[in-house]
Amino acid sequence: MIILQTRDLKKYYGTGGTQVKALDGVELSVEQGEFVTIVGTSGSGKSTLLHMLGGLDRPTSGTVTVDGKNIFDLKDEALTIFRRRKIGFVFQSYNLVPVLSVWENIVLPIQLDGGRVDEAYIGQVVQTLGLESKLQSLPSQLSGGQQQRVAIARALATKPAILLADEPTGNLDSRTSQDVLGLMKVTGQKFAQTMVMITHNEEIAQMADRIVRIEDGRIVTR
């Protein structure tokens with residue numbers, strides 16, 4: 001089952017001779033439960049693509065369908081709600097709330113949405129990511145790798161249709177990067193989670209089920 005799909009996705013900046021085609025007709029499909037990495041050099045369009053897939057920016061033209069819904073048919077407020085419920089994000093900078101404990105950070109998206117916390121499910125995620133002893137700690141009391149694991153747990157907390165990761169190991173050393181990515185893969189498999197990750201690191205990309213390469217705003221290998 002296809003959980004994520006783009007059709008002729010374009011994002012242009014500027015006009016005339018100075019126009020930049022950040023995305024130039026991207027066609028991409030991701031199956032439910034698949035782990036896909038999007039690889040490209042700086043300026044290739046991979047970050048722009050991830051922002052479109054997550055509804056963080058609107059395209060010049062084309063569509064992005066997530067879990068059967070064309071997300072850009074939604075008005076801004078409805079898109080925000082859809083994003084909160086259906087799309088999990090893991091960023092390079094963790095984006096944890098410094099005054100909240102690990103547990104509070106993990107369940108924050110659910111509480112913002114007025115939902116019920118599935119403690120049994122989140123307990124499983126926490127255990128898989130090895131965070132049981134850190135639930136009452138503040139982010140400042142954690143290592144970088146531990147903070148990123150909290151960010152992954154938070155992204156999974158809402159049981160999203162897809163999880164999008166933007167260079168999630170960019171601030172980590174190589175050993176910690178391997179640990180975090182290994183945990184992401186294990187977690188994805190355990191909870192049948194669809195994941196799309198962008199990276200410039202070929203070694204990291206090899207951990208995925210499939211590698212998609214982007215150059216000059218176009219998919220060149222899928």
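**Two pockets and a buried threonine**

Tutor: Let's start with the second largest pocket of this predicted model: its lining residues divide into 3 nonpolar, 2 polar and 6 charged.

Student: Which residues line the second largest pocket?

Tutor: Arg84, Arg85, Pro109, Ile110, Asp113, Gly115, Arg116, Asp118, Ala157, Thr158 and Lys159. Helices α2 and α3 each put in at least two of the lining residues.

Student: What makes Gly115, one of those lining residues, count as nonpolar or polar?

Tutor: Gly115 is part of that lining, and it goes down as polar because Gly is placed in that class here.

Student: How much space lies in the second largest pocket, and how much in the largest pocket?

Tutor: About 200 Å³ in the second largest and about 380 Å³ in the largest. Of the 16 residues lining the largest pocket, Arg84, Ile87, Phe89, Pro109 and Arg154 sit closest to its centre.

Student: Which elements supply at least two residues each to the lining of the largest pocket?

Tutor: That would be α2 (76-86), β6 (87-91), α3 (102-112) and α5 (144-157). The largest share is from β6, with 4 residues. By class, this lining splits into 9 nonpolar, 4 polar and 3 charged.

Student: Over to Thr6. Why is Thr6 called buried?

Tutor: Its relative accessible area is 2%. The label needs a value under 20%, so Thr6 qualifies as buried. Thr6 belongs to strand β1 (residues 2-13).

Student: What is Thr6 in contact with, leaving aside its neighbours within four places in sequence?

Tutor: Val26, Glu27, Leu28, Leu53, Thr63 and Val64.

Student: How do you know that the Val26 backbone oxygen and the Thr6 side chain fit the distance limit for a polar contact?

Tutor: That oxygen lies 3.0 Å from a polar atom of the Thr6 side chain. The limit is 3.5 Å, so the distance condition is met.

Student: And how far from Thr6 is Lys185, in sequence and in space?

Tutor: 179 residues along the sequence, and 24 Å from C-alpha to C-alpha.

Student: How do you know how confident the predictor is in the chain?

Tutor: The mean pLDDT is 91, on a scale from 0 to 100, with 100% of the residues at 70 or more.

Student: Which elements have the lowest and highest mean pLDDT?

Tutor: Helix α6 (residues 174-190) is lowest at 83, while strand β4 (residues 61-66) is highest at 97.

Terms used: Residues are numbered from 1 along each chain as its sequence is written. This is a predicted model: local features need pLDDT of at least 70, side-chain atom pairs count only at pLDDT 80 or more; totals for chains, interfaces and linings use all residues. Side-chain values use heavy atoms; hydrogens and water are left out. Buried means under 20% relative accessible area, exposed over 50%, partly exposed in between (1.4 Å probe, protein chains only). Contact means heavy atoms within 4.5 Å. A polar contact is a pair of N or O atoms within 3.5 Å; within protein, one must be able to donate a hydrogen and the other to accept it, and residues adjacent in sequence count only if both atoms are side-chain atoms. On a 1 Å grid over the protein atoms alone, a cavity is a set of points where a 1.4 Å probe fits but cannot get out, and a pocket is an open set with protein on both sides within 12 Å along at least five of seven lines; lining residues have an atom within 4 Å of a point. Grid points are joined across faces, edges and corners, and a volume is the space filled by probe spheres set on the points.
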